[in-house]
Amino acid sequence: MAENLDEKLNEVTVLKNYNIVVLRGDGIGPEIVAEAIKVLDAAGERFGFQFTYDEQLMGGCAIDATGEPLPQQTIDACKQADSVLLGAVGGWKWDTLPGSKRPEAGLLGIRSALGLYANLRPAKIFEPLKSASPIKDSIIGDQLDILVVRELTGGIYFGERGRCEKNGAPAAYDTESYSVPEIERIARVAFDMAMKRGKKLTSVDKANVLESSRLWRETVIRISKEYPEVELNHMYVDNCAMQLVRNPAQFDVIVTSNMFGDILSDEASMISGSIGMLASASLAGSSLGLYEPIHGSAPDIAGQGIANPLATILSVAMMLRYSFDEAEAADAIEAAVDEALRRARTPDIKEDGIPVVSTGEMGDLVAKLTAGE
Ligand code: IPM
Ligand code: MG
């Protein structure tokens with residue numbers, strides 16, 4: 001009897017704890033991450049778990065402190081963590097450094113060091129934000145919910161590059177290459193996602209010109225045989241860029257290379273009203289993931305309290321869903337964001353009749369709503 005009681009007490013007092021490495025980064029990074037942490041804590045309190053945060057350096061702040069954009073200590077800490085939360089990196093201050101010493105090299109380095117080959121970038125329109133979208137209501141239709149699955153550790157971002165000479169003039173080159181296993185694994189992630197959603201997958205390439213795209217297409221077609229329920233189509237990247245604004249409702253899941261995914265996910269984000277709304281998850285096929293907004297560090301507005309923290313807040317919702325399997329808490333954060341958008345706006349998404357609030361006030365509001373208050 002007493003033993004039972006002891007066990008019961010243990011159950012209620014020992015909360016599940018998740019270790020998160022926090023990379024605040026540069027520019028608006030620290031401000032938006034602070035708001036996301038408020039929301040995580042609120043979700044933990046309501047749903048019965050807690051977080052330990054381990055702050056590490058990456059990007060410009062790491063260059064200033066250590067001379068390196070990605071210190072080994074940061075890599076080691078990330079590898080041991082349950083998950084990684086990132087703000088944003090980069091800024092004018094470091095723009096003149098050579099490529100491998102720039103803040104962005106830290107971001108590419110951590111993606112690669114953790115093997116985060118699958119980048120999920122959902123472009124979803126929140127109902128209250130419909131009027132903020134530059135796309136007409138009649139084109140958007142009832143709902144817009146696209147998932148861009150971007151390959152993240154291969155392609156031209158990681159190919160051989162350098163300076164050379166061409167016809168006697170100084171020149172430079174970058175190379176795009178994909179191996180079959182690299183294409184197979186990202187294709188499977190995309191098909192799996194499509195199975196959980198609308199069962200429609202668009203593979204985007206430039207197979208009319210690029211050999212790497214022809215291999216991409218062949219491989220995706222082969223993998224599609226494992227997923228007979230998913231309707232697969234192929235689109236050239238230029239056409240896809242056009243179709244995203246002409247008829248975005250035709251898309252469910254889009255799978256594409258590192259570079260095309262970079263470009264198309266920015267475009268898709270605008271449909272949802274503001275780039276300040278788009279979250280992302282970078283996964284390695286295990287529970288470890290890196291979660292970050294898709295926008296940059298916006299040094300022009302840093303420190304003014306006007307940045308939109310919602311993309312980072314939605315990124316922690318993705319963390320709860322994909323790394324911790326806490327779907328209920330993730331749903332609560334997404335619902336809180338929807339409600340917050342009805343009550344307040346940061347300047348990037350301001351609308352007549354709805355009060356404009358600061359970064360911190362928006363974070364407080366979403367945290368309060370997440371807590372169920
Ligand atoms: C992104 C960013 C990065 C990328 C930059 C900052 C290196 O644009 O995450 O989309 O190109 O991957
Ligand atoms: Mg980008």
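**Exercise 1. Determine how the shell around ligand 1 divides by residue class in this predicted model.**

Solution. Begin with the membership: Glu104, Leu107, Arg111, Arg121, Arg150, Tyr157 and Asp262 surround the ligand. Next, assign the classes, with Leu and Tyr counting as nonpolar and Asp, Glu and Arg as charged. The shell therefore holds 2 nonpolar, no polar and 5 charged residues.

**Exercise 2. Identify which helix and which domains supply the shell around ligand 1.**

Solution. Consider the helices: α5, spanning residues 103-113, makes the greatest contribution, namely 3 residues. Then turn to the domains. Domain 1 (1-119 + 275-373) and domain 2 (134-271) each provide at least three residues of the shell.

**Exercise 3. Find the polar side-chain atoms that approach oxygen atoms of ligand 1, and state how much of the ligand the protein covers.**

Solution. Start with tyrosine 157, where a polar side-chain atom lies 2.6 Å from a ligand oxygen. Continue with arginine 150, whose side chain places an N or O atom 2.9 Å from an oxygen of ligand 1. For aspartate 262, the distance between a side-chain N or O atom and a ligand oxygen is 2.9 Å. As for coverage, ligand 1 on its own has 320 Å² of accessible area, of which the protein covers 78%.

**Exercise 4. Decide whether threonine 74 is buried or exposed, and describe its surroundings.**

Solution. First, locate threonine 74 in helix α4, residues 72-80. Second, apply the cut-off: its relative accessibility is 1%, and buried means under 20%, so threonine 74 is buried. Third, list its contacts: leaving aside residues up to four places away in sequence, threonine 74 touches Leu23, Gln56 and Leu57.

Key. Residues numbered from 1 in each chain as written. Chains lettered and ligands numbered in written order. Predicted model: local features only at pLDDT ≥ 70, side-chain atom pairs only at ≥ 80, totals over all residues. Heavy atoms only, no water. Near = heavy atom within 4 Å. Polar contact = N/O pair within 3.5 Å; in protein donor to acceptor, adjacent residues only side chain to side chain. Areas by Shrake-Rupley, 256 points an atom, 1.4 Å probe, with all protein chains shown as cover. Helix = DSSP H or I, 4+ residues; strand = E, 2+ residues; numbered from the N terminus. Domains from an automatic or database assignment. Buried < 20%, exposed > 50% of the residue type's maximum accessible area, 1.4 Å probe, protein only. Contact = heavy atoms within 4.5 Å.
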